[in-house]
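Trainee: I've got the model open and I'd like to go through the labels people put on it. Could you walk me through the reasoning behind them?

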Amino acid sequence: IINNKYIPYEKLMKKTVLITGANGMLAYYFTCVLMHLNIFNNYNIKVIALVRNVDKAKDKFSQFLNNENFKLLPQDVCQPINLSEPVHYILHAAGAASPKFIKNDPVGIINANTIGTLNVMELARHNPVENVLFTSTREIYGKTERIQFITENDMGVLDPLDSRSCYPESKRLAEQLCKSYYLQYGVPFTTVRIAHSYGPGMEINEDGRVMSDFISDVVNNRNIVMKSDGIAERAFCYISDAVVAMLVVMLKGEIGEAYNVANETEPFAIRTVAKKLVDLFPEKGIEVILQESADQSGYCKYDRVGLDTKKVEALGWKPIVGLNIGLKRTVLSFMEESL
């Protein structure tokens, strides 16, 4: 990531960056990139990691806890954010997305995306912020028809009474909050609409998302049990590609704009992804089992439509990690942790 010449890292030198939801997969690696710039390139970026679970954060960020440029901010993003030092960049990535939370804590999801975003933008309004990067989702497009690839200007239909809509509907409102603060108060922002990111550090314990459950099965030497027929297609974006896109949009994106982030070079049926994982680790002796479940609540029911990523590619970004390599790296990372 650090060696990408088209990312203007110099904009971050001696700046303060607040990262909400820093325990999350993408936010954690984003934080690590900034600290790497400090440790190896002397960028002197002050990194403030806002987290709810302090014990988890101390474990994840143990290598940085004694670094003068790193600070943990233990609080819920739904509470007002008070900082004594000025903030120049914000990555707002707090909030849950898994089917587990969609089924069991939809109000919490809505609060993080709405009240949490309001608190982030209020903080930004009173600071010399150069950009707020909001992590949104491809799901805000809802159900689209007669479109092969969705651009940032396309918008489909969402049923507000669908059980899953707590997530995309509140992400939609969060984007509008960002836009409203930009229009009314001049708070700069960009947003990334991310599709199916995965990689080391992802949550694999009872998460409920397809890739998380598959990885968990392989790591724990269990057969991969398909809860559907597996013919639905997904295009997965490896964590390093997603984080590079986030950095590019934060530092080079046009203020007030949204950017699709996805790896559309390798769309695969879910059952094909499961088979790839089994084939990559033959020594585990596991197999794919089809066992369709009647309970599909918490899961997106729309047919997949590809995301058009020309807009972010125009900034210099392109995905480079193929699915086979990404799957191998991800599984091995969890196996190494257990040693």
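Trainee: How much space lies in the second largest pocket?

Mentor: About 290 Å³, and keep in mind that this is a predicted model. Its lining has 15 residues, and Glu-175, Lys-179, Arg-193, Gly-256 and Ala-258 are the ones nearest the centre.

Trainee: What makes a residue count as lining for that pocket?

Mentor: An atom within 4 Å of a pocket point. Helix 5 (166-185) and strand 7 (189-194) each supply at least two such residues, and helix 5 gives the most, with four.

Trainee: How do the lining residues of the second largest pocket divide by class?

Mentor: Seven are charged, four polar and four nonpolar. Watch the bookkeeping with two of the central ones: Gly is counted as polar and Ala as nonpolar.

Trainee: Next label. Why is the protein called as compact as a globular protein of its length?

Mentor: Start with the inventory: ten helices and 15 strands. The radius of gyration is 19 Å and the globule rule gives 20 Å for 339 residues; the two are close, so the protein is as compact as a globular protein of that length. The C-alpha trace spans about 55 × 45 × 40 Å along the principal axes.

Trainee: What share of the residues counts as buried?

Mentor: 55% of the 339, with buried meaning under 20% relative accessible area. As for contacts with a separation of 6 or more, 81% of them join residues 24 or more positions apart.

Trainee: What makes a group of residues a nonpolar core?

Mentor: They have to be buried, belong to the nonpolar types on the list, and be joined through side-chain atoms within 4.5 Å. The largest such core here has 74 residues, and Leu-12, Ile-19, Phe-30, Leu-34, Leu-91, Met-211 and Ile-215 touch the most other members. Helix 7 (residues 239-252) gives the most to this core, eleven residues. There's also a second, separate core of 24 residues, with Val-77, Ala-94, Val-120 and Ala-174 among them. In soluble globular proteins, nonpolar side chains tend to be buried together.

Trainee: Which residues is Leu-91 in contact with, leaving aside its neighbours in sequence?

Mentor: Beyond four places in sequence, Leu-91 contacts Leu-18, Ile-19, Thr-20, Ala-27, Phe-30, Leu-133, Thr-135, Met-246 and Met-250.

Trainee: Which residues of helix 8 are buried, and what covers them?

Mentor: In helix 8 (residues 270-280), the buried ones are Ile-270, Val-273, Ala-274, Lys-276, Leu-277, Val-278 and Leu-280. The cover includes helix 6 (210-219), strand 9 (224-226), strand 10 (233-234), strand 13 (268-269), strand 14 (288-290) and helix 10 (323-337).

Trainee: Why is Glu-257 called partly exposed?

Mentor: Its relative accessible area is 27%. Buried needs under 20% and exposed needs over 50%, so a value in between is partly exposed. Glu-257 lies in the loop between helix 7 and strand 12 (258-261), and touches Phe-189, Thr-190, Thr-191 and Lys-311, residues up to four places away not counted.

Trainee: And what about Glu-130, where does that one sit?

Mentor: Glu-130 is in the loop between helix 4 (106-125) and strand 5 (131-137). At 34% relative accessible area, Glu-130 is partly exposed as well. Past four places in sequence, Glu-130 touches Lys-15, His-88, Tyr-89, Pro-188 and Ile-255.

Trainee: Why does Ile-115 count as partly exposed?

Mentor: Ile-115 has 36% relative accessibility, and the partly exposed class runs between 20% and 50%, so the label follows. Ile-115 is found in helix 4, and its contacts beyond four places in sequence are Val-77, Cys-78 and Ile-110.

Trainee: Why is Arg-146 called exposed?

Mentor: Arg-146 is at 82% relative accessibility, and exposed means over 50%, so Arg-146 qualifies. Arg-146 is in the loop between strand 5 and strand 6 (149-150). Its phi is near 60 degrees, a positive value in a residue other than glycine.

Trainee: Which value of phi does Glu-206 have?

Mentor: About 55 degrees, positive although Glu-206 is not a glycine. Glu-206 sits in the loop between strand 8 (197-198) and helix 6, and is exposed, with a relative accessible area of 67%.

Definitions and conventions
Residues are numbered from 1 along each chain as its sequence is written. This is a predicted model: local features need pLDDT of at least 70, side-chain atom pairs count only at pLDDT 80 or more; totals for chains, interfaces and linings use all residues. Side-chain values use heavy atoms; hydrogens and water are left out. Buried means under 20% relative accessible area, exposed over 50%, partly exposed in between (1.4 Å probe, protein chains only). Contact means heavy atoms within 4.5 Å. On a 1 Å grid over the protein atoms alone, a cavity is a set of points where a 1.4 Å probe fits but cannot get out, and a pocket is an open set with protein on both sides within 12 Å along at least five of seven lines; lining residues have an atom within 4 Å of a point. Grid points are joined across faces, edges and corners, and a volume is the space filled by probe spheres set on the points. The radius of gyration is taken over C-alpha atoms; the globule rule is 2.2 Å times the number of residues to the power 0.38.
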